[in-house]
Amino acid sequence: MVIFSGCHSLTSGAKRDDFDPINASKKGVNAGNSARQTDPAKCILEVRLISIDASRWNQRAATELWRSVDETVIDAEVRSTWNRNGFRVGQIQSQEEVQTDFEMLTEHQNILDDFFADAGVDATQLSNRKPIIMDNGRRYEHPVGPPRPGSDVYLFRKNIGPPEARTLSGGQCLFAFRADGDLDSGTVRLRIAPEIQYGRVKQHVTPSDTGMRIDHRRQSWPLSGMAINWTAGLGQSLLITPEAPTTETSIPLEESVQLVDRMLGRVDAQRRSSWWAMLIKVRQVPQQ
């Protein structure tokens, strides 16, 4: 079981199988913000990655897990783009059933007990789990792995037109979050957008009315058509997993490595394959 959250950068020379999400999360923008963690005007998310052995992830396991998840909360066209790139995404309807399914997939009992605990837990009680504490309208990044060494081909399949392939150096997949609170309804509007950052860190100068802002960042490839707009209430959770593998034996070369393989797939030092499943929970909605 692994937990990490926040916005941070990772050393470009890091090896994929050496990624330590718990230690990496300590470099997040929320580090040192404990004094602000109970501010009721902020949205608080908890993000968790669960590692699933690839040998356990099959059609039967996926069917059992996804029967407790509502995919229709995601816009149909956006959801189709996620599906075409090898993902499934939806809102969890039964926490108990999802927890039971993950216990069977990982052979770890009570693996999500704390994650599915009451949503109203004070943020200071989550400090060891590094929640994402969000100001309205501000962008937060959550990587799902370190930059990959060398260059790789990334294939993005759109709903219309041919797939787009790019060869990227040091590619790093991440999710960008932005929150807009709705104080009247007690919900929060979340924008969740996957993207790929790559190349060397460069200096960018942005003019403004008060002067110039200097940023140091890598190039980014936003994956157009995959941005999710999710209106969520306190305690609601979103689930993102890969599609279960099919029994097809003939796959065209250009489709042999899907975007999901780069984003949620991983191989450890012993060459064992596994998948990340991502869960996103709303721990606090902005209040007046």
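Two strands count as paired if DSSP finds at least two bridges between them, and strands (E, at least two residues) and helices (H or I, at least four) are DSSP runs numbered from the N terminus. This is a predicted model, in which local features need pLDDT of at least 70 and side-chain atom pairs count only at pLDDT 80 or more, while totals for chains, interfaces and linings use all residues. Residues are numbered from 1 along each chain as its sequence is written, and side-chain values use heavy atoms, with hydrogens and water left out.

**Strand E13 and its partners**
- Strand E13 (237–242) pairs with E4 in the antiparallel sense over 5 bridges, and Phe 87 stands opposite Pro 242 in E13.
- E13 is also joined to E15 by 4 bridges, again antiparallel, with Ser 237 opposite Lys 281 in E15.
- Because 6 of the 6 residues of E13 are buried (under 20% relative accessible area, 1.4 Å probe, protein chains only), this strand is largely enclosed by the rest of the structure.
- Ser 237, Leu 239 and Thr 241 point one way from E13, whereas Leu 238, Ile 240 and Pro 242 point the other way.

**The nonpolar core**
- The largest nonpolar core (buried Ala, Val, Leu, Ile, Met, Phe, Trp, Tyr and Cys residues joined through side-chain atoms within 4.5 Å) has 63 residues, and Trp 57, Phe 102 and Ile 280 have the most contacts inside it.
- Strand E15 (residues 273–284) gives the most to this core, with 7 residues.

**Helix H4**
- The buried residues of H4, including Phe 102 and Leu 105, pack against several elements, among them E4, E13 and E15.
- Just after H4, Glu 107 takes a positive phi of about 60°.

Methods:
Buried means under 20% relative accessible area, exposed over 50%, partly exposed in between (1.4 Å probe, protein chains only). Contact means heavy atoms within 4.5 Å.
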